[in-house]
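Visitor: Please take me through the ligand site in this model. I would like a close look at what surrounds the ligand, and then a short tour of the rest.

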Amino acid sequence: MKIKTNSKKDKNKIIGILGLGSMGKIIAKDLAETFNGKAIYLARDVNSVKNLAKKNDAEIRYADVSKPKTLVKAFKNIDVVIHAVHHEFNLDVMKACLKSKTNYIDLGGLYHYTKKQLKLNNQFKKNNLTAVLGIGASPGITNVLAKYASGFLDKVENIEIKIGYKDFSTYKQLSPLSASYSIQTIFEEFSWKPAVFENGKIKFVEPISGREEYKFPKPVGMQKPQYTIHSEIATLPYTLKAKNVSFKIAFDDDFVDKIKMLKEIGFISDEEIKIGKNKFNTKDVSLEILKKLPKTIPKRINEYEIIRAVVSSKHKKIIMDAKILGINETIDKDTGIPPSIIAQMIADGKIADKGVFPPESIIPEEDFFKELSKRKIYIYKNDKKIN
Amino acid sequence: MLFDFVVLGATGEEGNITSKDLLESGYSVLLCGRNKSRIKTLLKYKKAKFAYVDLNNIEKTAGILKKSGAKIAVNCAELRMNINAMKACLISGLHYLDLGGLQEMTIQQYKFDKDFKKRKLTALLGCGSTPGISNVMAAYAVNKMDSVEHIEVGFAWDSNIKKFILPYSIESIVHELTTDPIVLDNGKFKKTKACTFEGALKFREIKKQNTYCIVHSEVFTFKRYFGKKGLKFVHYKAGFPEHSFKVLDAIIKLGFGSKEPININGINLRPIDFTREVLKKIDRPKGYKETEDIWIKVYGKYGGRPKKIEMDCLVKTLKGWEDVGSNINTGMSISIMAQMLNKNLIKKEGITAPEEAVPCKSFFEELAKRKMYIYENNKRIN
Ligand SMILES: NC(=O)c1ccc[n+]([C@@H]2O[C@H](COP(=O)([O-])OP(=O)(O)OC[C@H]3O[C@@H](n4cnc5c(N)ncnc54)[C@H](OP(=O)(O)O)[C@@H]3O)[C@@H](O)[C@H]2O)c1
């Protein structure tokens, strides 16, 4: 896909990608295809990204999120850093951005981190910087869908976010535990109590609860979304002044059974465990064991995802869908593309407000949808395509 | 202090039961293992003491055995340590009992027959529930026949609360469920695929249950001791309740049973060692009760006519032993056999197995004292 609008490169516009894991790589691809400035890859293992950087004509700098000093140095002269390492480092990276005077974007903070991050608003404002929190697919596209729908209502009562997914791919090899995103995040999502905003109040429910059948449009069809801790709940109730906000995501039964089982028998615990003379964090060891599993090798990828926000007032209901078809590329692109779009909007000065913002408070919805459509992510309002 | 018995692996699930049974019977016991924190309650007995023993070090283990003053070592440690424990007994001159070595280990263990005979020592292998009770039941049934052709043997268990509780050593379970077992088929040993489905069977006081063919030592020892009576087929069938099997299967499929070390912060760790510690933290919930049936079906001839004897040993969670459920049938059996050896009721020297060496009647009586009941064709006999 080549959709460069401006073929002349402006080497003074610089976007940094911190962390080149699976998300970082998708972001890198989108930037390479669409950004007319310069990309810098910020990695702990510089060698591991050499080939990619060469291919995409990007620069590499050493940066280790567990060593904040390396960040401040690495961020020098960068306009926007997209943080794509794990969310437990969000705050540290933001603080480094304050020191290096760099704008900041991340992919989400599973509610609790987001809450802490929002508190840096004044500092970002004072430093004339912009931070956009949680701009992937969900959080991210979800927040913007809800915001867009709210424009058609006089008063928002309810926001229900639901994510459904169906896999039609064929495989050469199937991993015994195929996850569409970081197992570490999944561990957290399955063990932290999900926040639900109900009747104007936050309440925390049991993990993996609320699993009910729900019919998504074709071809996704019937799924069982469950409550999950997500950062949408940390912002939408306040920004859109809703009374009820919930977030549910569907996983397949076998996957849920396996993670539930690991959790029930103690493998996802944060407790320290003593083995011989050594002590380990239980969850960390489990993660390493799961990382060693044979990987899923697709023959032909064919995935479909629907990101849905149902937003209603007392009298009116608006259903917003983002539909993503992944043929020969995984639907993860819906998480990697939005940060690339928003980073470019900041670098181009299209997003200029200063402070720390959730997506719904700062992103121009229609421009964003237009960019998504260029990347074959289509938005529907009450079943009618609008981008 | 001098001891009547040494228990190796006293810190494990079975070792705990064995040690408690011996101590409750009034004997003095040297409790050996590495993880002392697991035997705090046992150490409250006056006649109990702990000794740190790493079975990887044979010489050191032999030294501790010798100094203990005991005549008998009861090995309840993980079966991969069986040969080391036997070597330590040979050096120190102690009789030896263990809980079995499945297939590969059992074959290796029989190679020490001459060494034990030379030293006039007994090494009684496979003294738990199965192998153990199953072997004594088999001997009892085979004795009642002129010839025997086919033996089916196995276990089945269930619990009133369907919560996952580690049934026994996870290392052994993983080995059992992933190793291709050898069966006795028409007089010949034959390899089959690991964990093949053997059908759903109904058991005494246990609902219908799926059974699987797994590696077990009975296949070898039955052939060894009953071969002369014509035995041609031995099939082992392990039954797990669905709630337990599902978890064990997932543990294996997700890599938690792997013995391949992984590097964690510079430390090499075998996933199975990690898994063992994690699963040990799961306690039986209040009111949790287990029932287990160790069963055997012997098909043969008596007086020229076909004869079938079905034997069951039924065990239930016992008062005062709630925290170990039906595992008492393993830990207590080896304690009973060790005591029989101590009282000279078992005399065979060299390597032997319960079907050859253990007097059935008195063994069954001891089981009954511990509320483990034996049924012969559905009639209780102890
Ligand atoms: N025949 C039967 O009916 C039957 C039934 C169930 C189990 N078994 C067998 O019995 C054995 C024990 O089972 P379990 O359920 O009691 O297992 P467990 O709870 O995991 O106990 C294993 C024991 O082995 C000890 N051990 C392991 N490596 C050692 C070493 N290098 N040096 C010293 N001790 C070592 C451990 O000591 P530390 O923790 O102190 O290191 C622990 O006491 C297994 O082989 C199992 O297959 C037989």
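Guide: Start with the shell. This is a predicted model. In it, 28 residues surround the ligand. The closest are B:Thr11, B:Gly12, B:Arg34, B:Leu99 and B:Ser172. By class, the shell holds nine nonpolar, 12 polar and seven charged residues.

Now the individual contacts. B:Gly12 contributes a polar backbone atom, placed 2.7 Å from an oxygen atom of the ligand. B:Leu99 also works through its backbone: an N or O atom there sits 2.7 Å from a ligand nitrogen. B:Asp54 uses its side chain instead, with a polar atom 3.0 Å from a nitrogen atom of the ligand. These pairs are polar contacts because each is a pair of N or O atoms within 3.5 Å.

Next, the cover. Taken alone, the ligand exposes 920 Å². The protein buries 96% of that area. Two elements of chain B give two or more residues each to the shell: helix H1 (13-24) and helix H10 (271-280).

On to the cysteines. Over all chains, the structure holds zero disulfides. Take B:Cys32, which is in no disulfide. Its nearest cysteine sulfur belongs to B:Cys89 and is 11 Å away. A disulfide needs two cysteine sulfur atoms within 2.5 Å, so that pair does not qualify. B:Cys32 has a relative accessible area of 1%, so it counts as buried. In chain A, A:Cys97 is at 0% relative accessibility and therefore counts as buried too. The cut-off for buried is under 20%.

Last, a group of strands in chain A. Strand S19 (residues 317-327) pairs with strand S21 (residues 377-381). The sense is antiparallel, over five bridges. Within this pairing, A:Ala322 has A:Ile379 of S21(A) as its bridge partner. S21(A) is also joined to strand S22 (residues 384-385) of chain A. Here two bridges link the strands, which again run antiparallel. One of the partners is A:Lys385 in S22(A), bridged to A:Tyr380. S21(A) and S22(A) form a hairpin with two residues between the strands. In that hairpin, A:Asn382 takes a positive phi near 45 degrees.

Back to the ligand for a recap. B:Gly12 and B:Leu99 are among the closest residues of the shell. The backbone of B:Gly12 meets a ligand oxygen, the backbone of B:Leu99 a ligand nitrogen, and the side chain of B:Asp54 a ligand nitrogen.

Definitions and conventions
Residues are numbered from 1 along each chain as its sequence is written. Chains are lettered from A and ligands numbered from 1 in the order in which they are written. This is a predicted model: local features need pLDDT of at least 70, side-chain atom pairs count only at pLDDT 80 or more; totals for chains, interfaces and linings use all residues. Side-chain values use heavy atoms; hydrogens and water are left out. A residue is near a molecule or strand if one of its heavy atoms lies within 4 Å of it. A polar contact is a pair of N or O atoms within 3.5 Å; within protein, one must be able to donate a hydrogen and the other to accept it, and residues adjacent in sequence count only if both atoms are side-chain atoms. Accessible areas come from the Shrake-Rupley method with a 1.4 Å probe; for residues, only the protein chains shown count as cover. Helices (H or I, at least four residues) and strands (E, at least two) are DSSP runs, numbered from the N terminus. Ala, Val, Leu, Ile, Met, Phe, Trp, Tyr, Cys and Pro count as nonpolar, Asp, Glu, Lys and Arg as charged, and the others, Gly among them, as polar. Buried means under 20% relative accessible area, exposed over 50%, partly exposed in between (1.4 Å probe, protein chains only). Two strands pair if DSSP finds at least two bridges between them.
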